[in-house]
Amino acid sequence: MAAVSSPEGIEMSIFPNFFRSLLLTSIVSFVAPILLIGGTLAGLSSIGYIPGLGIIGQSGAESIWKFLAVFGSGCPIQGLLTIGITCALVGAMFDTYAFYRYQTLRGN
C-alpha cells in the first residue's frame, strides 16, 4: 500500500529548509556590507600610498570613518556592526516574504 503524505508532514519538512535558508540569508546579508565597507576602506588606504593621490585616499577613508561613527554613536566599529545587523534583518525579512509568496503561489 502506498504511503499517503499528510499536510502536517509537508509542513514539517518545509520548516528545516526555511530556517536553513533564513540563517544563510542572514549571514550573507550581515557579511556583505561589512566586506563592501572594508574593501572600500582598504582601497582608499592603498590609494594613499600612490604619490599625488595620498590626500584623496586619506580624506576618503576619514569620511567613511565619520559616516560609520554617526551610526555607532561615535564609534566607527559599532556603526559598522549596526549597518551589518540592519542589513541582516532586512535580508531575513525579505527571505521570509519570499518563502511566504512561494507557498502562496504554490497553493499550500
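**Close-ups of an aromatic cluster and a salt bridge**

F15, F18, F19 and F99 come together as one aromatic cluster. This is a predicted model, in which local features need pLDDT of at least 70, side-chain atom pairs count only at pLDDT 80 or more, and totals for chains, interfaces and linings use all residues. Numbering starts from 1 along each chain as its sequence is written, and side-chain values use heavy atoms, with hydrogens and water left out.

**View A. F15 and F19, a stacked pair in helix α1.** The count comes to four aromatic pairs (ring centres of Phe, Tyr or Trp, the latter by its six-membered ring, within 6.5 Å; planes under 30 degrees apart are stacked, over 60 edge-to-face, the rest tilted). Here the F15 and F19 rings sit 6.2 Å centre to centre, with 25 degrees between the planes. Both belong to helix α1 (residues 7–47) and are four residues apart, about one turn of the helix (helices are DSSP runs of H or I, at least four residues, numbered from the N terminus).

**View B. F18 and F99, a tilted pair.** Their centres are 4.5 Å apart and their planes 35 degrees. F18 is in helix α1 and F99 in helix α3 (residues 76–106), so the pair ties together parts 81 residues apart in sequence. F18 is buried at 11% relative accessible area, while F99, at 23%, is partly exposed (buried is under 20%, exposed over 50%, partly exposed in between; 1.4 Å probe, protein chains only).

**View C. E62 and K66, a salt bridge.** The count is one salt bridge (a Lys or Arg side-chain nitrogen within 4 Å of an Asp or Glu carboxyl oxygen). The closest N and O atoms of E62 and K66 are 3.3 Å apart. Both residues sit in helix α2 (residues 54–71), separated by about one helical turn. E62 is partly exposed at 41%, and K66 is exposed at 55%.

Conventions: Helices (H or I, at least four residues) and strands (E, at least two) are DSSP runs, numbered from the N terminus.
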